[in-house]
Amino acid sequence: MDEFGYHDGALHAEQVSIEALAETVGTPFYCYSAATLRHHYHVLDTALADAGLAERLICYSVKANSNLAVIATLAQMGAGADIVSQGELRRALQAGVPSEKIVFSGVGKTAEEMRAALEAGILQFNVESLSEIDLLAETAGALGKTAEIALRVNPDIEAGTHKKISTGTAETKFGIAWEEAEAGFAHARALDGVEAVGIDIHIGSQITDLTPFRRAFEKVGALLTALRADGHDIRRLDLGGGLGVPYAREGDGNNALPPDPRAYAQLIAETLGASGCTIMLEPGRLIAANAGILVTSVVRCKQGQAKNFMIVDAAMTELMRPTLYDAHHPIAPVLKDESATKNWDVVGPVCETGDFLGLDRALPILQPGALLAVFAAGAYGAVLGSAYNTRLAAPEVLVDGDKWAVVRARPDYEALLAGEAIPDWL
Ligand SMILES: *Cc1c(COP(=O)(O)O)cnc(C)c1O
């Protein structure tokens, strides 16, 4: 569900006209819907509650969309944060996420990052190797603190998703091998400065079938039993993120619908509900993807011999997903247009053949300046942006009912070049 819809033939975000926003803000820009963010959080939280999972914590995965206003919207709903860097720690704290709801994930935490998170007093570190446990124990010990940790274990499960977002097989860099998990917990127990309180997994992203989750949760349950038999006091199960979302709009003919959050919650309750542990989740895409669109305008149409190209002012520098993950994003005119369509590759101005937003899309012939919306762009969109080709980052707008605000401004060229210098010896 999302709050982007047509009123009198014109696309709106909640009660705000996209055309009016484009006139004020300029294109390309990102537009997020606060009501949609809240709705997605609420649906998941309610599903967990209805499944009887009273002890739970949803830590929004900040990397999916790390705009301060987006994090703040979710923090006000009660969400915690799953962070993967010191920069994301700053964002989460600044957006009002209480430190006792922050978990720190990632394979490459440095001592400096650990210190910052320890000083902030975060809830939990999700650690991914024995050497990371050693460094954390040493760093916490030097500060006179004990870090609560969950060991991220790699269940060696094929998530059935794109290889670049599959994280739970033995070939990926993530987590501690399943066979070494118990030894990892024993290793942590022998150290001062850390206390192992949880098991953590995250098997991938955009998972559209519950089967891999079921297999992973069952393995977590078996590991929990073994660890408790060994005397470990495991109190939290962090089941990661990864539940997929629809990348389709009505009438798209794309029926590959991901599981309902209620079925996912039921599965958690069925496999791990009796564990007595707090259930933690780290959703990113599920919350943010359909809460954002990318708005772009047509620069010109170029009808070629083999292909027709609709050249727009957004590019892979704004939305990397099509070229990076072969992702499909619905694209539609902001002002409904019933005229005859042709098939177009919707491409940006960047000098790369991989610079496209959509291939072979049925769209009318549009005049320069006509607006297009690229849907389901709220997660892994703006955050993956780059300044390649010396392009200015697209601004971000948050809509809430009839209110809206620019929540990240477009930089100017002075800001873009500010950090660069030509040495005086050159
Ligand atoms: C990226 C990531 C998530 C979020 O994944 P989604 O598919 O966006 O829900 C959660 N946990 C970890 C450790 C991640 O790396």
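User: Hi! How many residue pairs are in polar contact between domain 1 and domain 2?
Analyst: There are 3 such pairs, both residues at pLDDT 80 or more. A polar contact is a pair of N or O atoms within 3.5 Å; within protein, one must be able to donate a hydrogen and the other to accept it, and residues adjacent in sequence count only if both atoms are side-chain atoms. This is a predicted model, where local features need pLDDT of at least 70, side-chain atom pairs count only at pLDDT 80 or more, and totals for chains, interfaces and linings use all residues. Residues are numbered from 1 along each chain as its sequence is written, and side-chain values use heavy atoms, leaving out hydrogens and water.

User: And how many salt bridges?
Analyst: The count is 0 between domain 1 and domain 2, taking a side-chain nitrogen of Lys or Arg within 4 Å of a carboxyl oxygen of Asp or Glu.

User: What area is buried there?
Analyst: About 960 Å², with carbon and sulfur atoms giving 53%. That is accessible area (1.4 Å probe) lost by the two parts on being put together, summed over both.

User: Which residues of domain 1 lose the most area to domain 2?
Analyst: Asn290, Tyr325 and Pro330, together 41% of what that side buries.

User: Switching topic: how many aromatic pairs?
Analyst: The count is 5, for rings of Phe, Tyr and Trp (its six-membered ring) with centres within 6.5 Å; planes under 30 degrees apart are stacked, over 60 edge-to-face and the rest tilted. One of them, phenylalanine 213 with tyrosine 264, is edge-to-face, at 5.1 Å centre to centre and 70° between the planes.
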